[in-house]
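Open the model in your viewer and keep the sequence panel beside it. This tour goes from one selection to the next and says what is there.

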Amino acid sequence: MPPDTETLLAFALTAAACTACAVIDIRTKRIPNAITFPVMAALVVLHGVFSGTAGLGESALGLAGGFLVFLIPHLFGLLGAGDVKLMAMVGAGLGTQALLTAVLFTSLAGGAQFFVWLAWMRFAGTRKGRGYRLCYGPAIAAGALATMALNLAGQPYLSLVIPRF
């Protein structure tokens, strides 16, 4: 069954914003508020317009979930504030059902990105990597795009199964 208009619009907006933020993050090591905040608001409104208060709530909870999951590493100095806002934007676009999948795919992409960076530093023979903070925007974009591709391919999102006792 093809995705509905709401899903296509939310995915298109999320994908475009994530891609733009990833490119800007690579170039400037910053994720601009001028993209994340307006897109967050647009996604919450879009879900509200198409699905009423249920869609509004789902998007707002996804935003809060994405924010909280990445706030913890930010508080330990592992991620920048822009990364937290970008993941919150992804949560607003994809909702709570997709959040676990997006976080997992983002973590996998971030790990791959880190190992590529380590290899580059090793083979380039430079020590300039000390104190360097890895741009996580591309990993977040890759995770979000992979999550959307999974859904568009008709596959279910990952979920935690908690057994009942």
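How many aromatic pairs does the count come to? The count comes to three aromatic pairs. The model is a predicted one, so the tour reads a prediction throughout.

**Stop 1: the aromatic rings**

Select Phe70 and Tyr136. Their rings form a tilted aromatic pair, with 6.0 Å from centre to centre and 50 degrees between the planes. This pair links distant parts of the chain. Phe70 belongs to helix α2, while Tyr136 sits in the loop between α4 (96-124) and α5 (137-152). The two residues are 66 residues apart. Phe70 is buried, at a relative accessible area of 5%. Tyr136 is buried too, at 15%.

Now select Phe114 and Phe115. This aromatic pair is edge-to-face. The centres are 5.8 Å apart, and the planes meet at 65 degrees. Are these two rings buried or exposed? Phe114 is partly exposed, with a relative accessible area of 35%. Phe115 counts as exposed, because its relative accessible area of 58% is over 50%. Add Trp117 to the selection. Ring pairs join Phe114, Phe115 and Trp117 into a cluster.

**Stop 2: around Tyr136**

Keep Tyr136 and add Leu79. Leu79 is placed in the loop between α2 and α3 (81-94). At 8% relative accessibility, Leu79 counts as buried. Draw a line between the two C-alpha atoms. Leu79 and Tyr136 are 7.4 Å apart in space by C-alpha atoms, yet 57 residues apart in sequence.

Next, select Asp25. Asp25 is found in helix α1. Is Asp25 buried or exposed? Asp25 is buried, because its relative accessible area of 3% is under 20%. Which residues does Asp25 touch, not counting those up to four places away in sequence? They are Arg30, Ile31, Asp83, Cys135, Tyr136, Gly137 and Pro138. Tyr136 thus appears again, this time as a contact of Asp25. Asp83 deserves its own line in the viewer. The C-alpha atoms of Asp25 and Asp83 are 9.4 Å apart, with their places 58 residues apart in sequence.

**Stop 3: the loop after α1**

Move to Lys29. Its place is in the loop between α1 and α2. Check the backbone here. Lys29 has a positive phi of about 60 degrees, although Lys29 is not a glycine. At 47% relative accessibility, Lys29 counts as partly exposed.

**Stop 4: Thr36**

Go on to helix α2, where Thr36 lies. Thr36 is buried, with a relative accessible area of 1%. Show its surroundings. Leaving out residues up to four places away in sequence, Thr36 touches Cys21, Ile31, Lys85, Leu86 and Met89. Ile31 is also among the residues that Asp25 touches.

**Stop 5: Thr14 and Ala10**

Return to helix α1 (residues 5-28) and select Thr14 there. Thr14 is buried, at a relative accessible area of 0%. What does the side chain of Thr14 reach? The side chain reaches the backbone oxygen of Ala10, at 2.7 Å. Beyond its neighbours within four places in sequence, Thr14 is in contact with Leu43, Met89, Val90, Gly93 and Met148. Met89 is also touched by Thr36.

Ala10 is the next selection. Ala10, too, is found in helix α1. Ala10 is buried, with a relative accessible area of 1%. Apart from its neighbours within four places in sequence, Ala10 is in contact with Leu43, Leu46, His47 and Gly93. Leu43 and Gly93 are among the contacts of Thr14 as well. For a span across the model, draw a line from Ala10 to Ala34. Their C-alpha atoms are separated by 18 Å, and the residues are 24 residues apart along the chain.

**Stop 6: a patch on the surface**

Switch to the surface view. Select Leu9, Val45, Val49 and Phe50. Together these residues make a nonpolar surface patch of about 380 Å². Which helix gives the largest share of the nonpolar patch? Helix α2 (residues 33-75) does, with three residues. Finish on Phe50, which lies in helix α2. Phe50 is partly exposed, with a relative accessible area of 42%.

Key:
Residues numbered from 1 in each chain as written. Predicted model: local features only at pLDDT ≥ 70, side-chain atom pairs only at ≥ 80, totals over all residues. Heavy atoms only, no water. Helix = DSSP H or I, 4+ residues; strand = E, 2+ residues; numbered from the N terminus. Buried < 20%, exposed > 50% of the residue type's maximum accessible area, 1.4 Å probe, protein only. Polar contact = N/O pair within 3.5 Å; in protein donor to acceptor, adjacent residues only side chain to side chain. Contact = heavy atoms within 4.5 Å. Patch = residues over 30% accessible without salt bridge, like charges linked within 9 Å, V, L, I, M, F, W, Y side chains within 5 Å. Areas by Shrake-Rupley, 256 points an atom, 1.4 Å probe, with all protein chains shown as cover. Salt bridge = Lys/Arg side-chain N within 4 Å of Asp/Glu carboxyl O. Phe/Tyr/Trp six-rings, centres within 6.5 Å; stacked < 30°, edge-to-face > 60°.
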